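Take a look at the fold below. This report walks through its strands, one of its helices and its cores.

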Amino acid sequence: MARTALPEKSCIVCGRTITWRKKWERTWDQVRYCSDTCRRRKLNATDVLLENTILLLLRARVAKMGGATTICPSQAAQAAIPPGSPEAWETLMEATRGAARRLVERGEIEVMQAGHVVDASRAKGPIRLRLVRR
C-alpha cells in the first residue's frame, strides 16, 4: 500500500501526525499517542494555557490591526510565563508548537511559513500562526 494511502490521525498531546502501521492493525482505534514520551506526559494545564494564550493573542491582534495577522509561537510562550517566574519561556517552545498543532487539528488556526500555509506536523524552522480565514 502506498504511504499516502495509509490512514492518519493526530497525537492528542503533541499534535504530530501518526501514520497507520501494520502492528496497530487490530488496535488502530485505540492509538492516541505518537510515542511513549507523549503517553507518559499526557495533556496538562500548561498545554491548555498555551492553546488559550495563542487564541487570545491572535484575536487581540486581529481586533487591533484587522485582517490576516500572525504571531510567532514564542510570543505565546513568553505570555504564558507568569511575571517573576524563574522558568524561561524557551522551555515552553516545544509545548507551544504542540498546542499550535492541536489548534490546527481542531481547525482554529493555520501554520504559516514564508507566507504560505504548511502542514504543522512537518514544518521545520520558523513558523507563524494565524486564525483560520472564514
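## Strand S4 and its partners

In this predicted model, strands S4 (109–113) and S6 (128–131) pair in the antiparallel sense over four bridges. One residue pair shows this well: Met112 has Arg128 in S6 as its bridge partner.

S4 has another neighbour. Strand S5 (residues 116–118) pairs with S4 over three bridges, again in the antiparallel sense. Here Val111 stands opposite Val118 of S5. S4 and S5 form a hairpin, with two residues between them. In that turn, Ala114 has a positive phi of about 50 degrees. S4 is mostly covered, with four of its five residues buried.

## Helix H4

How far apart should the ends of helix H4 be? H4 covers residues 93–105, which makes 13 residues. At 1.5 Å a residue, the helix should span 18 Å. Its end C-alpha atoms are 18 Å apart, so the model agrees with the expected value.

Much of the helix can be listed as buried: Ala95, Thr96, Arg97, Gly98, Ala99, Ala100, Arg101, Arg102 and Leu103. What covers these residues? The cover includes helices H1 (36–41), H2 (45–65) and H3 (73–80). Strands S4 and S6 are also part of the cover. Just after H4 comes Gly107, with a positive phi of about 80 degrees.

## The nonpolar cores

The largest nonpolar core has 20 residues. Which of them touch the most other members? They are Leu50, Ile54, Leu58, Leu92, Ile109 and Leu129. H2, H3, H4 and S4 each supply at least two residues of this core. Apart from it lies another core, of nine residues. Among them are Cys11, Trp24, Tyr33 and Cys38.

Now zoom in on Leu129. Its contacts include Ile54, Leu58 and Ile109. Leu129 also touches Ala100, along with Thr69, Thr70, Ile71 and Pro73. Glu110 and Val111 are touched by Leu129 too.

## Ile18 in strand S2

Ile18 is found in strand S2 (residues 17–19). Is Ile18 buried or exposed? Its relative accessibility is 3%. The cut-off for buried is under 20%, so Ile18 counts as buried.

Ile18 has contacts from several parts of the chain. Pro7, Glu8, Lys9, Ser10 and Cys11 are among the residues that Ile18 touches. Others include Trp24, Trp28, Val31, Arg32, Tyr33 and Cys34. Pro7 is 11 residues from Ile18 along the chain, and their C-alpha atoms are separated by 8.6 Å.

Methods
Residues are numbered from 1 along each chain as its sequence is written. This is a predicted model: local features need pLDDT of at least 70, side-chain atom pairs count only at pLDDT 80 or more; totals for chains, interfaces and linings use all residues. Side-chain values use heavy atoms; hydrogens and water are left out. The expected span of a helix is 1.5 Å times one less than its number of residues. Buried means under 20% relative accessible area, exposed over 50%, partly exposed in between (1.4 Å probe, protein chains only). Contact means heavy atoms within 4.5 Å. Two strands pair if DSSP finds at least two bridges between them. A nonpolar core is a set of buried Ala, Val, Leu, Ile, Met, Phe, Trp, Tyr and Cys residues joined through side-chain atoms within 4.5 Å. Lists of a residue's contacts leave out its neighbours within four places in sequence.
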